[in-house]
Amino acid sequence: MSAGLTAPSITSALIEEDQNTSEEWKEVFWIVAAVNVVGTIIFAIFSKGEIQPWAIRVNDKAIDESNVKGLDVKSDVITNL
């Protein structure tokens with residue numbers, strides 16, 4: 001998200017209206033790409049792969065393999081919901 005927020009500012013600072021060359025656009029591309037990489041690294045360092053307490057349903061009637069073994073799934077789903 002940081003690249004999306006900063007890209008317009010970077011572009012307007014580096015691109016001159018009179019010239020508008022491909023070299024200027026290459027600079028913009030590399031700088032915005034670097035911002036994306038830095039953001040990805042920060043996310044990878046601080047993100048977690050654990051289920052958070054707010055994401056767990058206590059009374060959920062979700063069907064998983066443990067309660068479907070040997071049952072006719074279609075009829076069981078209809079009667080249990």
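**View A. Isoleucine 42 in helix α2 of the predicted model.** Helix α2 covers residues 22-46, and isoleucine 42 lies within these bounds. The residue has a relative accessible area of 47%. Isoleucine 42 therefore counts as partly exposed, because that class falls between 20% and 50%.

**View B. A nonpolar patch on the surface.** Ile42 belongs to this patch. Its other members are Val37, Val38, Ile41, Ile45 and Phe46. Together these residues make a nonpolar surface of about 620 Å².

**View C. The span that UniProt lists as "transmembrane region".** The record, an unreviewed entry, gives residues 28-47 for this feature. In the model the span is 95% helix and 0% strand. The C-alpha atoms at its two ends are 28 Å apart.

**View D. The largest nonpolar core.** Six residues form this core. They are Ala3, Ala7, Ile10, Ile15, Val28 and Val32. Helices α1 (2-14) and α2 each contribute at least two of them. Helix α1 gives the largest share, with three residues.

**View E. Threonine 11 and its contacts.** Threonine 11 sits in helix α1. Its relative accessibility is 19%. Threonine 11 is therefore classed as buried, because the cut-off is under 20%. With residues up to four places away in sequence set aside, threonine 11 touches Trp25 and Val28. Val28 is also one of the residues of the largest nonpolar core.

Terms used. Residues numbered from 1 in each chain as written. Predicted model: local features only at pLDDT ≥ 70, side-chain atom pairs only at ≥ 80, totals over all residues. Heavy atoms only, no water. Patch = residues over 30% accessible without salt bridge, like charges linked within 9 Å, V, L, I, M, F, W, Y side chains within 5 Å. Areas by Shrake-Rupley, 256 points an atom, 1.4 Å probe, with all protein chains shown as cover. Salt bridge = Lys/Arg side-chain N within 4 Å of Asp/Glu carboxyl O. Helix = DSSP H or I, 4+ residues; strand = E, 2+ residues; numbered from the N terminus. Buried < 20%, exposed > 50% of the residue type's maximum accessible area, 1.4 Å probe, protein only. Core = buried A, V, L, I, M, F, W, Y, C linked by side-chain atoms within 4.5 Å. UniProt positions renumbered as here; feature names shortened; annotations may be inferred. Contact = heavy atoms within 4.5 Å.
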